[in-house]
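Dear colleague,

Please find the structure below, handed over for your records. My notes on its helices and sheets follow directly after it.

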Amino acid sequence: MKDFFTVADLPHVMAMRLDLQPVQSEEIPLMESLGRVLAEEIKADVDLPPFPRSTMDGYAVRAVDTFGASEGNPVYLRTIGEVAMGDAPAFQVKQGEVAGISTGGMLPRGADSVIMVEHTTLFDANTVEIYRSAAPGQNMVAAGEDFPRGGTVLASGLRLRPQEMGLLAALGKEHIRVFRRPVIGIISTGDELVPVDRIPVGGEVRDVNTYSLAGFVHAAGGIPLTFGIVKDHSDALVHAIRQADQQSDMVILSGGSSVGMRDLTIQSISSLPESRILIHGIAVSPGKPTILGFVGKKMVWGLPGHVVSAMIVFQMIVRPFIERLGGLSETQERRFPIYASLSRNIASAQGRVDFVRVRLLESGGRVTAEPVLGKSALVNTMIKADGLIVIERDQEGLDKGTVVGVIPI
């Protein structure tokens, strides 16, 4: 216990996530892959597109036959047929010839561009009048222009979006290998907590953290596994941590992380075999009394009991660890901020990183970040907030008008 509440710098804590090994992978149907993290490198085993395709309705031509064409000096070319959708045309476009083609149709041999139908007039049954010149490659894509055969198209560690699902479908990937979603055990501690279906009496409050943390775990790509409310009793807490450790890939406790007679989290973690405490205290606000330890090879977090503090610590600190555990690559972990102008001065104490809740307002094309001030136990501050800004530990605050990066929450 001699290291109790030794405060660690935030960069030191965040660097620890790089040592986490991802969970195992599994194969799933492509239709179920949205939001999952790819666990294999995907190479194109065919050219995409597999043949030269038109991107417009019009006529497949040799571009050289249209050079100089204009409304005042049109070019007249002989039509030799039309490309049927889904068919490979058997004919070839030769000098002075065109072939009708629809968007997505396969260009016949000899053609190297497409004239839009809007730039043509059917002069007679066999002749097309063209009054706009075309450049080679215009209004078409070449075979392999999107993704060439043999090239890497998707890297392992990528969180799949609808557009990646579409690409995988184009490559014929009916099933893909992804990292399984990490199971995150959630334990709420405190004698004052009661289930949501009970009416609190006296000094009791309903258990909020189980539900908010479960939602955040879902959003981070994990599967929340809740273990209910554990009272401030050593044996009960040790049993709950052991049970969660056996059934989960990571354990999160809320409450019992500050200095106090009834704070049993550290003692309970330390009493388990192969356990160690790495961090008790991070130089951030809110969330200074956060605990980080291991039981065997599994990470155990002790978050503040105050609802808002627990939410902010999860979003800014714990979430990247879960994403890393779930196989997300380091480049994919980045959350790009929304830039806005600060609406007022904000003071900050040096020596810690401050996470400040802000609301985004837009007026006249200008986006403003308005601080949402309030105590860490007030849920309404998170309801009103659109995101968080970070005041670094060597800053004394931020001035009104400063352009800040807002991390959405």
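Helices H3 (residues 209-219) and H6 (residues 307-325) pack with their axes 10 Å apart and at an angle of about 25°. H3 is therefore roughly parallel to H6, a term that covers angles under 35 degrees, with over 145 counted as roughly antiparallel, 65 to 115 as roughly perpendicular and the rest as oblique. Axes are lines fitted to C-alpha atoms, for helices over the stretch in contact, and angles run from 0 to 180 degrees between N-to-C directions. Helices (H or I, at least four residues) and strands (E, at least two) are DSSP runs, numbered from the N terminus.

This is a predicted model, in which local features need pLDDT of at least 70 and side-chain atom pairs count only at pLDDT 80 or more, whereas totals for chains, interfaces and linings use all residues. Residues are numbered from 1 along each chain as its sequence is written, and side-chain values use heavy atoms, with hydrogens and water left out.

On the H3 side, Asn209, Ser212, Leu213, Phe216, Val217 and Ala219 meet Val307, Ala310, Met311, Phe314, Gln315, Arg319 and Ile322 of H6 (contact means heavy atoms within 4.5 Å). By class, this contact has nine nonpolar, three polar and one charged residues (Ala, Val, Leu, Ile, Met, Phe, Trp, Tyr, Cys and Pro count as nonpolar, Asp, Glu, Lys and Arg as charged, and the others, Gly among them, as polar).

H3 also packs on an open sheet, where it touches E13, E16, E17 and E21, and its direction makes about 160° with that of E13. The order of the six strands in this sheet is E16-E13-E17-E21-E20-E18, with mixed pairing (two strands pair if DSSP finds at least two bridges between them). Strands E16 (223-230) and E18 (275-280) form the edges, each pairing on one side only. E13 (residues 183-189) pairs with E16 in the parallel sense over six bridges, and Ile184 has Pro224 in E16 as its bridge partner. Helix H4 (residues 234-247) lies across E13, E16, E17, E20 and E21, and runs at about 170° to E16.

A further open sheet of six strands has the order E7-E4-E6-E5-E9-E8, also with mixed pairing. Its neighbouring strands are turned by 40° against each other on average, direction ignored. E8 pairs with E9 (residues 127-130) in the antiparallel sense over four bridges, and Thr121 stands opposite Glu129 in E9.

In total, the protein chain has seven helices and 28 strands.

Yours faithfully
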